[in-house]
Amino acid sequence: MLKTGGRKLSKSVFAYLLLLLAVAPVILAEDSKEITQAELLRRTQELFDSIVAGDQTPWKRYYADDCLFFDEKGRNMDKTALVNDIAPFPKGYSGSIRILNPKSRLIADVAILSYDLDESETIYGQQLHARYHGTDTWLRRNGNWQIIATQMFRYYEDPSPGIIDLKLLDQYIGTYQLAPEVTLTISRQGDDLYRTRGKNPTEKLIPEANGIFFRQGVEGRILFPADRSGKIDHLIDRRNNEDLVWKKIS
C-alpha cells in the first residue's frame with residue numbers, strides 16, 4: 001500500500017511540476033507585455049486606495065528601488081522614505097482619493113501617466129477636500145513595469161471669506177509705494193476694498209480676517225498691520241511666506 005501510494009503521489013507531484021513549468025513562463029511574461037493606460041490607472045488607483053489602511057505592499061511593488069518622488073510639500077523622497085511615509089489614518093480620520101482626467105504617453109519601455117486627484121477626507125465628522133496633480137514615469141526593466149519618478153503638486157484653492165469689522169476699512173484706503181514711481185492704490189466701494197496697481201485692472205480684495213485679505217485665484221495675502229497707536233502706515237504683499245512691504249504715502 002505504501003509503495004502504491006508513493007507511486008501515485010510521485011505521479012501527482014510530477015504532474016504538478018509539469019503544470020508549473022507550463023504556467024510559469026506565462027506568469028513571468030505577464031508584466032513584460034506592452035502596458036496600457038487602463039492597467040496604469042488600475043495600479044495607480046491601487047496605490048491610493050492603500051493609503052487609508054496604510055498598506056505599503058503596492059508601494060513596494062510598483063515603485064523601483066532607485067525611484068525619485070517629489071511630493072506636494074516639496075519633499076524629495078527615495079523609496080525607503082516613501083514607503084515609510086505610508087501609515088494608517090489616525091483615529092477619527094477617513095477618506096478616499098479618486099483619479100480624474102488621466103492622460104498617458106506610451107513609448108517602448110517608458111510609460112508616462114498624468115492625472116488629477118480628488119481627495120475627500122473626514123476628520124472627526126468635518127469634511128475636507130483637496131485637489132492634486134501627479135505625473136508618474138513608469139519604466140520597464142527586466143520585464144517589470146515600475147515607477148521610476150513621480151512629481152506631485154497641489155492645486156491652489158482660495159480660503160473661505162471671513163467676517164470683518166467694516167469700521168476698519170477706511171484705515172486701509174490710500175496710496176502705497178514700493179519704489180519711486182511704483183505705487184498701488186487701495187480704494188473702497190461700499191463694504192468692499194479694491195486694489196489697483198498702475199494701469200493694471202482693479203482687483204477686489206476678499207476679507208479673510210481683520211487686516212487680512214486675498215485676491216480670487218491668487219496665492220498669497222494682503223496684510224494691513226497696525227502700529228501700537230492703531231495707525232496703518234504700510235501694507236504687506238505676502239507671497240509664499242515672502243513679504244513685499246509697501247509704504248503708505250497718502
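In what order do the six strands of the open sheet lie? In this predicted model, the order is 2-1-6-5-4-3, and the pairing is mixed. The edges of that sheet are strand 2 (76-77) and strand 3, each of which pairs on one side only. The sheet belongs to a protein chain with five helices and 14 strands. Of the chain's 250 residues, 31% count as buried. Taking contacts with a separation of 6 or more, 46% come from residues 24 or more positions apart.

Turning to the pairing at one end of that order, strand 3 runs antiparallel to strand 4, and the two are joined over 13 bridges. One spot to look for along this pair is isoleucine 99, which stands opposite leucine 117 of strand 4. Strand 4 covers residues 110-123, and threonine 122 sits within this strand. The side chain of threonine 122 makes a polar contact, at 3.1 Å, with the side chain of glutamine 127. Leaving aside residues up to four places away in sequence, threonine 122 touches Gly92, Tyr93, Ser94 and Gln127.

Next comes the nonpolar interior. The largest nonpolar core holds 26 residues, and those with the most contacts inside it are Phe48, Trp59, Tyr63, Tyr115, Leu117 and Trp138. Quite a list of elements gives two or more residues to this core: helix 2 (37-53), helix 3 (57-62), strand 1 (63-70), helix 4 (79-84), strand 3 (93-107), strand 4, strand 5 (126-141) and strand 6 (144-154). Apart from this core lies another one, made of 14 residues, with Tyr172, Tyr176, Leu205 and Phe213 among them. Back in the largest core, tryptophan 59 is a handy residue to follow, being one of those with the most contacts there. Once residues up to four places away in sequence are set aside, tryptophan 59 touches Leu47, Ser50, Ile51, Phe69, Lys79, Leu82, Val83 and Ile86.

Ile51 turns up again in the largest pocket. About 710 Å³ of space lies in this pocket. Its lining is made of 26 residues, and Ile51, Glu72, Ile97, Glu119 and Tyr132 are the ones that lie nearest the centre. Which elements supply at least two residues each to the lining? They are helix 2, strand 3, strand 4, strand 5 and strand 6. Strand 5 gives the most, with four residues.

Two of the residues nearest the pocket centre, Glu72 and Tyr132, are also touched by phenylalanine 153, as is His133, again not counting residues up to four places away in sequence. Phenylalanine 153 belongs to strand 6. Is this residue buried, partly exposed or exposed? Its relative accessibility is 39%, so phenylalanine 153 counts as partly exposed, given that buried means under 20% and exposed means over 50%. Phenylalanine 153 and phenylalanine 70 are 83 residues apart along the chain, yet 8.5 Å separates their C-alpha atoms.

Further along the chain, strands 7, 8 and 9 can be followed through their hairpins. Strand 7 (residues 174-179) pairs with strand 8 (residues 182-189) in the antiparallel sense, over five bridges. Within this pair, glycine 174 stands opposite isoleucine 186, while alanine 179 has valine 182 as its bridge partner. Two residues lie between the strands in this hairpin, and glutamate 181 takes a positive phi near 70 degrees there.

Strand 8 also pairs with strand 9 (residues 192-197), once more in the antiparallel sense, and here over six bridges. Isoleucine 186 comes up again in this second pair, where its bridge partner in strand 9 is arginine 195. The hairpin of strand 8 and strand 9 has two residues between the strands as well, and the positive phi, near 65 degrees, falls to glycine 190.

What does strand 7 pair with besides strand 8? Strand 14 (residues 242-248) pairs with strand 7 in the antiparallel sense, over two bridges. In this pair, tyrosine 176 stands opposite lysine 248 of strand 14. Tyr176 is also one of the residues of the 14-residue core described above.

Definitions and conventions
Residues numbered from 1 in each chain as written. Predicted model: local features only at pLDDT ≥ 70, side-chain atom pairs only at ≥ 80, totals over all residues. Heavy atoms only, no water. Pairing = 2+ DSSP bridges. Polar contact = N/O pair within 3.5 Å; in protein donor to acceptor, adjacent residues only side chain to side chain. Contact = heavy atoms within 4.5 Å. Core = buried A, V, L, I, M, F, W, Y, C linked by side-chain atoms within 4.5 Å. Buried < 20%, exposed > 50% of the residue type's maximum accessible area, 1.4 Å probe, protein only. 1 Å grid on protein atoms, 1.4 Å probe; cavity = no way out; pocket = protein on both sides within 12 Å on 5 of 7 lines; lining within 4 Å. Points joined across faces, edges and corners; volume = space filled by probe spheres on them.
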